[in-house]
Every structure is written in C-alpha cells, then in structure tokens.
Amino acid sequence: MARYLAKRIFYLALTLFLIASITFFLMKLMPGTPLNNQAKLSPQQIKVIYEHYGLNKPVWQQYVNYILDAAHGNFGLSFQFSDQPVSYLISSRIGPSMQLGGQAMIVGVILGIFVGSLSAIRKNTWVDGTSTFISILGISIPSFVLAILLQYYLGLKLQLFPIADWGGFSYTVLPTLALAASPFAETSRFVRTEMVDVLGSDYIELARAKGLSRMGIVWHHALRNSLIPLVTVIGPLTAAIMTGSMVVENIFSVPGIGEQFVKSILVNDYPTIMGVTLLYSALLCAMLLLTDLVYGIIDPRIRITGKGE
Amino acid sequence: MEEKMKLAPDAFEPVSKKEALDDEKIVAPSRTFVQDAWRRLKQNKASYICLWILVVIGLIAFTSPITASHPNESHPNYANLPPKIPGVNINGLNGTSVVAGKRVDAYKQNNVPSKVHYTLGTDYLGRSLAQRILRGTLVSLLIGLFATLIDLIVGVGYGVVSAWKGGMTDIVLQRIIEVISSVPNIVIMVLLMLVLKGGMLPIILAIAFNGWTTMARLTRAQTLQLKSQEYVLAARTLGESTFKIALKHLLPNLSSVIIIQTMFTIPTAIFFEAFLSYIGIGIQAPTASLGTLISDGQKNFQFLPYQMWYPALMLSVIMIAFNILADGLRDAFDPRTARR
C-alpha cells in the first residue's frame with residue numbers, strides 16, 4: 001500500500017512537472033505580447049516593464065525560475081491586475097468555486113442516484129423512459145444554454161433567485177443547478193446500468209426467496225452494491241464541473257476561478273493562465289488518485305499492488 | 001454357417017435429394033453482422049427517428065453553401081427584425097415583437113418592404129439568422145466530424161499498436177495516455193487555442209488532441225482479447241504480415257467498439273466547439289458557428305429571445321439526437337448491453 005501510494009504520488013508530481021513545462025513553453029510560443037498598447041511605449045518603458053516581470057532574462061532562466069517558484073506555490077505576478085500575485089488571485093477566488101463545485105457535485109450525484117435507481121427498479125416502464133430521457137437532456141444540453149435559461153426564467157421572470165452576483169446561499173442556487181446537470185445525468189445513467197446488473201444477480205434472487213421486502217432488497221442489497229463502481233466517475237465529473245464552471249461563473253458573475261480563467265484567456269494574462277492550468281490539473285490528478293484509493297478500500301475485490309495494472 | 005447376404009448395387013435406392021434438403025433448410029435469410037445490427041437499430045424507435053433527424057439536419061447543413069449563400073451579408077436597416085413567415089399569424093412568427101409592454105409590428109416600424117421577410121429574423125447587423133444558423137450548423141458538424149475522424153485514426157492505431165506490441169512499448173504508451181488524461185481536457189484545448197488562434201483547423205486539432213485517449217483505451221482492451229483468439233494465431237502461423245492481420249482480422253472485430261465510441265465522440269466534439277466559440281476563443285467573427293450564435297444571441301436574450309433560442313435549439317437537438325442514436329447503436333451492436 002505504502003509503495004503504491006509513493007509510486008502514485010511520484011507520477012502525480014511528474015505529471016504536474018510536465019504540465020508546468022508544457023504550459024510554460026506554449027505561453028512562450030504564443031503570438032502577441034502582454035503589453036496593451038506597445039506602439040505608444042518607448043523602448044525604455046518596455047525595458048522597465050520587461051525587467052519588472054522578469055521577461056528580459058533568457059528563456060531557460062525564466063523556465064528554471066518558474067518551475068522553482070511554482071513548486072513553492074508562487075506563480076508570479078498577474079499581468080492583468082497591477083502586481084497582484086497569481087497565488088493571491090487564486091486563493092481569494094477559490095472559495096466560491098469550491099462551494100459551487102461541491103454543491104453541484106452533491107446535488108447532482110444524489111439526484112442521479114435517486115433517479116437512476118428508480119429507473120432500474122421500474123425498468124422498461126414509463127418511469128424508466130422519462131428518467132432516461134431526462135438524463136439524455138442533461139448530457140446533451142450545454143451548460144451555458146441551461147445557465148442562461150435558468151437565469152432568465154427562474155431568476156428574471158419568476159424572481160425566485162437573484163440573477164447574478166455573489167451574496168448568500170440564495171445566490172448559489174441557480175449556478176449550482178446549472179453545474180449539477182451534467183453530474184446528475186452521468187450519475188443517473190451509470191447507476192441505472194449498475195443497478196440493472198445487480199438486480200439480476202443471484203444474491204438478489206436469494207434475498208427475494210428469503211421473503212425480504214422490496215424496499216429492503218433495494219436498500220440493503222442492490223443500492224450498496226451498485227454504488228461502489230460510482231466512485232470511478234468522480235474524476236470525469238470533476239473535469240465536467242471545471243469545464244462548466246468556466247461559463248456558468250461568467251454568466252452568473254460569480255467571483256470564482258473559472259470566471260477569472262476566461263477573463264485571463266481573453267487578455268493574454270499568461271501567469272494567471274499558467275497558474276490556473278496547474279491548479280486544475282493538480283485538482284484532477286488528486287481526484288483520480290483519491291478515486292483509486294477509495295475504490296480499493298470500499299471494494300475488497302480490488303487489490304492495490306505495487307505493480308501496474 | 002450363416003448364409004452370406006448378397007447385395008446388388010441396385011438394391012440401394014438413393015434418398016431423394018429434395019427430402020434431405022428440406023430437413024436442414026434455413027428458412028430465415030442469413031444476415032451479416034451489419035444487417036443484424038441494422039435490424040436491431042430499426043426496432044429501437046427513438047434511435048431510428050434520431051438517425052433520420054440527423055440525416056435531415058446533415059442534408060440541410062451540407063447544402064447550405066447553396067441555399068444560404070449570404071450568411072454575412074448585413075442590412076443595417078433591417079437589424080434585429082423578429083421572425084416572420086408570410087401567412088402565419090402566431091406571435092413569434094408574424095414579425096411582431098414586444099416593445100415596452102406592447103406588441104408592435106417591427107417590420108412596419110422599420111419600413112421594411114412587404115416582400116422582404118426573414119424566417120428566423122435577423123441579428124444586430126441585419127444578417128439573416130436562418131442563413132447563419134444553417135452555416136453555423138455546417139461548421140459545427142464539420143468540426144465534429146473531422147475531430148472525430150482524427151480521434152478515430154490516432155486512437156485506433158495507438159490502441160492496436162499498444163496491445164499488439166505489448167511489453168515495454170505498451171507500458172510506455174499507456175503512461176503517456178495516463179499523463180494526457182490526467183489534465184482536464186478543457187485546459188488543453190484552451191492552451192492550444194491560445195497558441196494556434198481561432199479558426200476551424202486549430203479547433204479540430206485542439207479537440208482531437210486529447211479526445212483520442214478514450215478510443216485508444218477501448219481499442220487496446222479489445223485487441224488484447226482478440227490477440228489470443230485462435231484465428232489470429234492461425235493467421236500468424238500461416239505467416240500473414242502483422243499489418244494484414246490488423247487490417248483483416250482485428251479491425252472488423254473492433255468495428256462495433258469503434259462505431260459506438262465514434263457516435264459518442266461526435267456530440268462531445270460539437271459541444272466543445274460550441275463551448276470554445278462561446279467563450280470567445282473558437283470560431284472568430286464573422287464566421288458563424290452555433291457557439292458564436294448563442295453567444296451573440298445571449299446578449300439580447302431578454303428582449304429578442306429568438307436570437308438565442310433558435311441556435312440553442314439546433315445545438316441541443318443535434319446533441320440529443322447523437323446521444324440517443326449512440327445509445328441505440330450500442331444496444332444494436334452489442335445485444336448484451338441492451339435493456340435486460
């Protein structure tokens with residue numbers, strides 16, 4: 001176990017190092033400069049600005065400095081906001097993003113488990129048909145379309161929730177719903193397939209033969225066993241929520257990482273782009289590692305060994 | 001002593017050929033794999049309907065360079081006209097819009113000649129929304145199809161090589177996939193789009209860049225199973241070249257996995273195109289794509305909802321149809337996963 005963990009953490013570090021390097025050189029390849037109106041600046045001014053941001057050093061030195069700083073959690077200064085460190089920008093904005101992402105994950109997964117199992121228990125009935133259709137809608141309708149529709153109809157027309165900005169809990173409802181659609185749909189499809197499998201197995205047959213109630217069978221035997229593989233979709237769901245957050249936070253003006261990322265992309269704020277890229281990758285890697293560990297613990301049939309799969 | 005039996009040839013009578021055949025006659029026509037899958041797909045009503053919806057959308061989109069030849073022609077005098085279909089008097093399709101709480105005829109207000117009408121209205125530059133949606137659909141479909149094609153070629157090739165070679169090659173190739181898939185794909189796409197700048201080819205490359213890993217994984221798993229089959233062994237014993245074995249024995253048996261995965265990749269690619277264009281780093285103005293149309297329409301959604309509704313509807317219908325069709329194809333090609 002310890003050996004496995006050490007190996008995985010080594011790979012995680014290697015992956016992040018590769019990503020940091022690739023991002024760095026991609027940013028160096030990018031056309032355009034971070035200067036807003038270069039034509040109006042004198043060569044001296046440009047020189048001062050470049051010195052300030054460390055852009056005058058040779059590329060390899062910038063690279064070494066960047067990697068060393070990044071390892072210490074320092075991603076340089078943002079070009080966009082005068083002299084704000086990227087790490088501060090991230091840490092001050094991570095709260096709303098985490099809250100929205102977490103809420104969306106919880107809401108989506110719980111609703112998905114409910115709808116998915118209902119669909120499996122009432123398989124091939126109108127209940128199944130309706131839930132399958134709803135989850136297809138959840139997968140198919142892009143998050144930005146859903147977000148705009150929610151904002152307009154629930155926010156503006158019905159005045160149920162604030163349409164934008166960031167205040168209390170009520171401000172989080174609409175963005176959470178928009179973000180939760182994709183985890184909900186994925187979970188419900190996944191749970192349905194697993195549950196149908198489990199419900200057809202011998203031990204369910206045995207439980208029925210023993211005379212257990214229908215609810216008892218579903219609750220004690222079917223649900224638990226069909227939820228174990230659900231752990232494996234946590235990684236993809238995290239990635240889906242990240243993708244969604246970039247547009248949903250923008251639409252609802254949530255001061256989060258996703259909104260900042262899109263803004264930085266549009267104004268060539270390289271240090272911020274690189275910092276957020278690393279953050280997103282680290283988060284996904286950590287989630288994937290967590291998935292494998294948790295899966296090994298809750299399902300004893302999966303053995304974690306030091307060897308590759 | 002027993003009496004020897006004397007048998008002359010003419011003591012035998014041939015069984016009538018017809019009789020023997022009747023016993024073993026196969027009544028149902030024998031079907032190939034594809035025919036069988038097609039038959040099962042047709043039984044799945046929802047998928048079958050979606051297939052035809054997609055065929056129709058595809059036809060309309062691919063003929064749009066002829067039918068919608070002026071998607072960028074702007075008429076500033078005709079800006080923001082609501083949809084109008086002559087002879088139809090339903091609010092929303094009769095050229096009226098609600099201004100300050102009252103429903104007015106926008107065409108009369110703007111002094112538009114009575115013979116001019118826009119089926120789906122116009123945008124803020126007076127460009128025909130119908131034409132732009134058609135051309136946008138074409139762009140989105142093309143990007144989806146080409147990105148999927150790259151996924152297909154790279155992914156299948158990579159998967160087959162990885163499984164066939166095995167050993168160290170396999171380990172290294174799989175590590176590469178692991179690294180690529182542990183980066184959120186939207187981040188890779190954004191970075192590539194920033195370096196390559198907008199346009200169709202960069203988007204296709206950016207979407208394909210990490211889309212192929214799933215295909216490679218599936219192909220590898222399937223090839224590992226096929227590799228140990230007797231007919232593959234027989235082909236190797238007979239001295240068939242590796243390339244020919246891959247082409248003649250592996251690919252046909254991989255086809256169902258490949259087709260199913262392809263059908264799930266196309267809507268994903270279309271989604272990412274719309275996503276990139278929506279946040280402003282995908283297709284650049286004045287070219288229309290469903291993503292840019294939704295992004296433009298969103299700005300006026302409160303007052304001119306049709307500008308976002310129609311492209312959003314088109315995008316959603318395409319995505320839904322592809323997803324339902326993919327589900328149906330999965331059940332058709334692999335009856336084991338069908339609803340039990």
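Start in chain B, where α6(B) passes α11(B) in a right-handed crossing. To find the pair, select residues 129-165 of chain B for helix α6 and residues 242-279 of chain B for helix α11. Their axes come within 7 Å and cross at roughly 140 degrees. Colour the contact by residue class and you should count 17 nonpolar, six polar and two charged residues.

Before going on, a word on what you have open: this is a predicted model. It scores ipTM 0.83 and pTM 0.84. For chain B, the mean pLDDT is 82, with 94% of the residues at 70 or more.

**Next stop: α8(B) and α9(B)**

Stay in chain B and select residues 185-196, which is helix α8, then add residues 200-227 for helix α9. How far apart are the axes of α8(B) and α9(B), and at what angle do they pack? The axes are 9 Å apart and the angle is about 150 degrees. Angles over 145 degrees count as roughly antiparallel, and α8(B) and α9(B) are therefore roughly antiparallel to each other. The crossing here is right-handed.

Now show the side chains. From α8(B), pick B:N185, B:I188, B:M189, B:L192, B:M193 and B:L196. Facing them in the contact, α9(B) supplies B:P202, B:I203, B:A206, B:I207, B:F209 and B:N210. Sorted by class, this contact has ten nonpolar residues, two polar ones and no charged ones.

**Across to chain A**

Keep α8(B) selected and bring in residues 2-29 of chain A, helix α1. The axes of α1(A) and α8(B) come within 9 Å and cross at roughly 25 degrees. With the cut-off for roughly parallel set at angles under 35 degrees, α1(A) and α8(B) are therefore roughly parallel to each other. What is the handedness of the crossing of α1(A) and α8(B)? This one is left-handed.

Which residues make the contact? On the α1(A) side, select A:T23, A:L26, A:M27 and A:L29; on the α8(B) side, B:L191, B:L194 and B:V195. The tally for α1(A) with α8(B) is six nonpolar, one polar and no charged residues.

**Zooming out**

Select the whole of chain A and switch to a cartoon. Twelve helices and zero strands make up its secondary structure, so to speak an α run from the N terminus on. Along its principal axes, the C-alpha trace of chain A spans about 85 × 60 × 30 Å.

Finally, go back to chain B and colour it by domain. The assignment gives domain 1 as 34-73 + 128-337 and domain 2 as 82-117. Put a marker at each C-alpha centre: those of domain 1 and domain 2 of chain B lie 40 Å apart.

Key. Residues numbered from 1 in each chain as written. Chains lettered and ligands numbered in written order. Predicted model: local features only at pLDDT ≥ 70, side-chain atom pairs only at ≥ 80, totals over all residues. Heavy atoms only, no water. Axes fitted to C-alpha atoms, helices over the stretch in contact; angles between N-to-C directions. Helix = DSSP H or I, 4+ residues; strand = E, 2+ residues; numbered from the N terminus. Left-handed = near helix turned anticlockwise from the far one by under 90°. Nonpolar A, V, L, I, M, F, W, Y, C, P; charged D, E, K, R; others polar. Parallel < 35°, antiparallel > 145°, perpendicular 65-115°, else oblique. Contact = heavy atoms within 4.5 Å. pLDDT = per-residue confidence, 0-100. Domains from an automatic or database assignment.
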